[in-house]
Amino acid sequence: MQGKARTFSPGDRIAIDIGFTCEGGGKMESVEAIFARRGSGEEILLLGDARKESSGEDKRAVYTARLEAMVDPSTTPREYRCARLSARDRFDDDWGFTDPAGLDLVIRVEPAPHRLEVKASDFI
């Protein structure tokens with residue numbers, strides 16, 4: 001599956017916005033997404049608060065969430081895809097999303113570019 005990809009370096013801040021619906025009357029408070037590097041067990045965890053936007057008459061609540069994380073300096077450069085997406089309600093119950101692949105974002109980590117900066121110079 002192709003996804004929207006964005007490239008980050010260690011130390012960069014990742015922020016993504018998601019919108020979702022909840023059926024069944026739960027009141028969601030937080031959302032987490034785990035992006036994993038295939039075959040390695042390495043993960044990037046993004047967390048955020050859920051905000052209720054509206055509620056329809058059919059018992060379906062609409063939420064938005066901004067998930068954030070910093071890329072750890074020890075993160076291996078490669079692609080990371082969403083492996084798990086879940087929300088927690090006010091009772092701290094974990095609700096898994098029906099299709100985490102619906103979060104079609106790919107985090108691509110590349111080594112931080114080397115950067116040289118002149119601080120002073122003078123003639124001898």
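These legends accompany an overview and several close-up views of a predicted model.

**Figure 1. The whole chain is an all-strand arrangement of 8 strands and 0 helices.** Along the sequence the pattern reads β-β-β-β-β-β-β-β. The C-alpha trace spans about 80 × 35 × 25 Å along its principal axes. The radius of gyration is 19 Å, whereas a compact globule of 124 residues would have a value near 14 Å. Of the 124 residues, 29% count as buried. Among contacts with a sequence separation of 6 or more, 66% link residues 24 or more positions apart.

**Figure 2. Surface and charge are shown for the whole protein.** The accessible surface comes to about 8800 Å². Carbon and sulfur atoms hold 48% of that surface. The protein carries 19 positive and 23 negative charges. The mean positions of the two sets lie 2 Å apart.

**Figure 3. Valine 31 is a buried residue of strand S3.** Its relative accessible area is 2%, under the 20% limit, so valine 31 counts as buried. Beyond residues up to four places away in sequence, valine 31 touches Ile18, Phe20, Leu46, Leu47, Gly48, Ala50, Ala65, Leu67, Leu85, Ser86, Ala87 and Phe97. Glycine 96 is 65 residues away along the chain. The C-alpha atoms of valine 31 and glycine 96 are separated by 9.8 Å.

**Figure 4. Arginine 37 sits in the loop between strand S3 (28-36) and strand S4 (43-55).** Is this loop residue buried or exposed? Arginine 37 is buried, because its relative accessible area of 19% falls under the 20% limit. Its side chain makes a polar contact of 2.9 Å with the side chain of glutamate 42. With neighbours within four places in sequence left aside, the contacts of arginine 37 are Glu42, Thr76, Arg78, Glu79 and Tyr80. Glu42 thus appears in this contact list and as the polar partner.

**Figure 5. Lysine 4 is an exposed residue in strand S1 (residues 4-8).** The relative accessible area of lysine 4 is 53%, over the 50% limit, so the residue counts as exposed. What does lysine 4 touch, not counting residues up to four places away in sequence? The contacts are Asp104, Leu105 and Val106. Lysine 4 and leucine 105 are 101 residues apart in sequence. Their C-alpha atoms are 4.8 Å apart in space.

**Figure 6. Aspartate 92 has a positive phi in the loop between strands S6 (78-89) and S7 (94-96).** The phi value of aspartate 92 is near 70°. Most residues other than glycine have a negative phi. At 52% relative accessibility, over the 50% limit, aspartate 92 counts as exposed.

**Figure 7. Alanine 61 is a buried position in strand S5 (residues 60-70).** Alanine 61 has 7% relative accessibility, under the 20% limit, and therefore counts as buried. Where does valine 109 lie relative to alanine 61? The two residues are 48 apart in sequence. In space, alanine 61 and valine 109 are 34 Å apart, C-alpha to C-alpha.

Methods
Residues are numbered from 1 along each chain as its sequence is written. Side-chain values use heavy atoms; hydrogens and water are left out. Helices (H or I, at least four residues) and strands (E, at least two) are DSSP runs, numbered from the N terminus. Buried means under 20% relative accessible area, exposed over 50%, partly exposed in between (1.4 Å probe, protein chains only). A polar contact is a pair of N or O atoms within 3.5 Å; within protein, one must be able to donate a hydrogen and the other to accept it, and residues adjacent in sequence count only if both atoms are side-chain atoms. Contact means heavy atoms within 4.5 Å. The radius of gyration is taken over C-alpha atoms; the globule rule is 2.2 Å times the number of residues to the power 0.38. Accessible areas come from the Shrake-Rupley method with a 1.4 Å probe; for residues, only the protein chains shown count as cover. Lys and Arg count as positive and Asp and Glu as negative; His and the chain ends are not counted. The place of a charge is taken as NZ of Lys, CZ of Arg, CG of Asp or CD of Glu.
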